[in-house]
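I opened this model to look up a few helices, some single residues and the pockets. My notes follow in the order I took them.

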Amino acid sequence: MAFNGRKLTVNWHLEKNCNYKCKFCYASFNHVYNTTNYLNGLKMIDMIKNYGIYKINFAGGEPLLNNYVGDYIQYSKEIGLKTSIITNASKLTNKWLNTHSKYIDQIGISCDSLNNDTNTMIGRGFGNHVEITERAIQRINTLNKKENINIKTKINTVVLKHNYHENWNDFIINHNIDRWKVFKILKIKGENDHVYDELSITDNQFDIFLNNHKELISNKILIKENNDDMEESYMMISPDGKFYQNKDNKYIYSDTIVDVGIDWALSQTGFNMQKFINRKGEYSL
């Protein structure tokens, strides 16, 4: 099974370590003890490209804590993949951007609240995450103008008990955000189930947040994902190089991809292409 002709994204969570402690995190990988070694990482990127994948997204943990993330991004771009990262932006320095900007198509920043106290309460940083987010966006926009490039900007927001009433319209518009992914907090057994009840919201509360941003939905900037949208609709790779999938609020894992190949590894976890399309995961960069 290959996906030539479809704009499919693989999300490689290449690093389990993170300098933040978000309570709701469902990518802590507590059971993972090793990350993919460099040569196997390059081999896996080759396999992803040869399989007809459109884009590789580097996530974590915090991907900028990984020693090889810059090399992986450059190599992916050079062999023809679209490239993106999802980061908390605390390590997104001007030096890093200047070094890697020509190899990256999209930068996503995780930010859950426009209130620093709320971010701190849920573990998203240490009291200045809004400023870190704005600084990163400004650096990207400045670099785009200076170098005449077009790195797309994206925000990822998890909606939960402490932020579902917020209004982000001015922030998203004034910062020229290209894509805003809005997720209802997801319960994953073994990852965040011990705090889920403390943070969870109802579908009606999630709708309150969405109704505050109807224009951004109409403009196709805001892309919403309820819990069902996220199940089996992502192609995800763990830090140790295995496909993993959300099924029934629990992760299942494949054998190591470089050992068994993409077809066999995917068959072990499953992936629902139609759900990927339905959640608007397919788009051009």
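I started at the end of H12. Just after this helix, Gly-270 has a positive phi of about 85°. The model is predicted, and I read the phi value as a computed one.

Next I went back into H12 itself, residues 262-269. I looked up which residues are buried and found Ile-262, Ala-265, Leu-266 and Thr-269. Around the axis they cover an arc of only 100°, so they sit on the same side of H12. On the other side I found Trp-264 and Ser-267 exposed. Then I asked what covers the buried residues of H12. The cover includes H1, strand S8 (235-237), S9, strand S10 (250-256) and helix H11 (257-260).

I ran the same search on H8, residues 203-211. The buried residues there are Phe-206, Phe-209 and Leu-210. Down the axis of H8 they fall within an arc of 100°, so they line one face of the helix. I listed their packing partners too. They pack against strand S5 (152-159), strand S6 (179-184), helix H9 (214-218) and strand S7 (222-225).

S5 came up there, so I picked a residue from it. Thr-153 lies in strand S5. Is Thr-153 buried or exposed? Its relative accessible area is 2%, and the cut-off for buried is under 20%, so Thr-153 counts as buried. A polar atom of the Thr-153 side chain lies 3.4 Å from the backbone oxygen of Asn-176. Leaving out residues up to four places away in sequence, I found Thr-153 touching Ile-107, Ile-140, Asn-141, Asn-176, Ile-177, Asp-178 and Arg-179.

I then took a residue from H1, which had appeared in the cover of H12. Tyr-38 lies in helix H1. Its relative accessible area is 28%, and I logged Tyr-38 as partly exposed. Not counting residues up to four places away in sequence, Tyr-38 touches Tyr-68, Asp-71 and Tyr-72. I also checked a C-alpha separation. Tyr-38 and Asn-67 are 29 residues apart along the chain, and their C-alpha atoms are separated by 9.4 Å.

From there I moved to the loop between S1 and helix H1 (38-50), where Ser-28 has its place. Which residues does Ser-28 contact, leaving aside neighbours within four places in sequence? I found Lys-16 and Glu-191. The side chains of Ser-28 and Glu-191 are joined by a polar contact of 2.5 Å.

Pockets came last. The largest has a volume of about 1,100 Å³. I counted 50 residues in its lining, with His-13, Cys-25, Tyr-26, Ala-27 and Gly-60 nearest its centre. The elements giving two or more residues to this lining are strand S1 (9-13), strand S2 (55-59), strand S3 (82-87), S5, S6 and strand S9 (242-247). S5 gives the most, with four residues. By class, I logged 19 nonpolar, 18 polar and 13 charged residues in the lining of the largest pocket.

The second largest pocket holds about 160 Å³ of space. I noted its lining as Ile-217, Lys-220, Leu-222, Ile-223, Lys-224, Asp-229, Asn-278, Arg-279 and Lys-280. S7 gives the most here, with three residues. I logged the classes of this second lining as three nonpolar, one polar and five charged.

Notes: Residues numbered from 1 in each chain as written. Predicted model: local features only at pLDDT ≥ 70, side-chain atom pairs only at ≥ 80, totals over all residues. Heavy atoms only, no water. Buried < 20%, exposed > 50% of the residue type's maximum accessible area, 1.4 Å probe, protein only. Arc of directions from axis to C-beta. Contact = heavy atoms within 4.5 Å. 1 Å grid on protein atoms, 1.4 Å probe; cavity = no way out; pocket = protein on both sides within 12 Å on 5 of 7 lines; lining within 4 Å. Points joined across faces, edges and corners; volume = space filled by probe spheres on them. Nonpolar A, V, L, I, M, F, W, Y, C, P; charged D, E, K, R; others polar. Polar contact = N/O pair within 3.5 Å; in protein donor to acceptor, adjacent residues only side chain to side chain.
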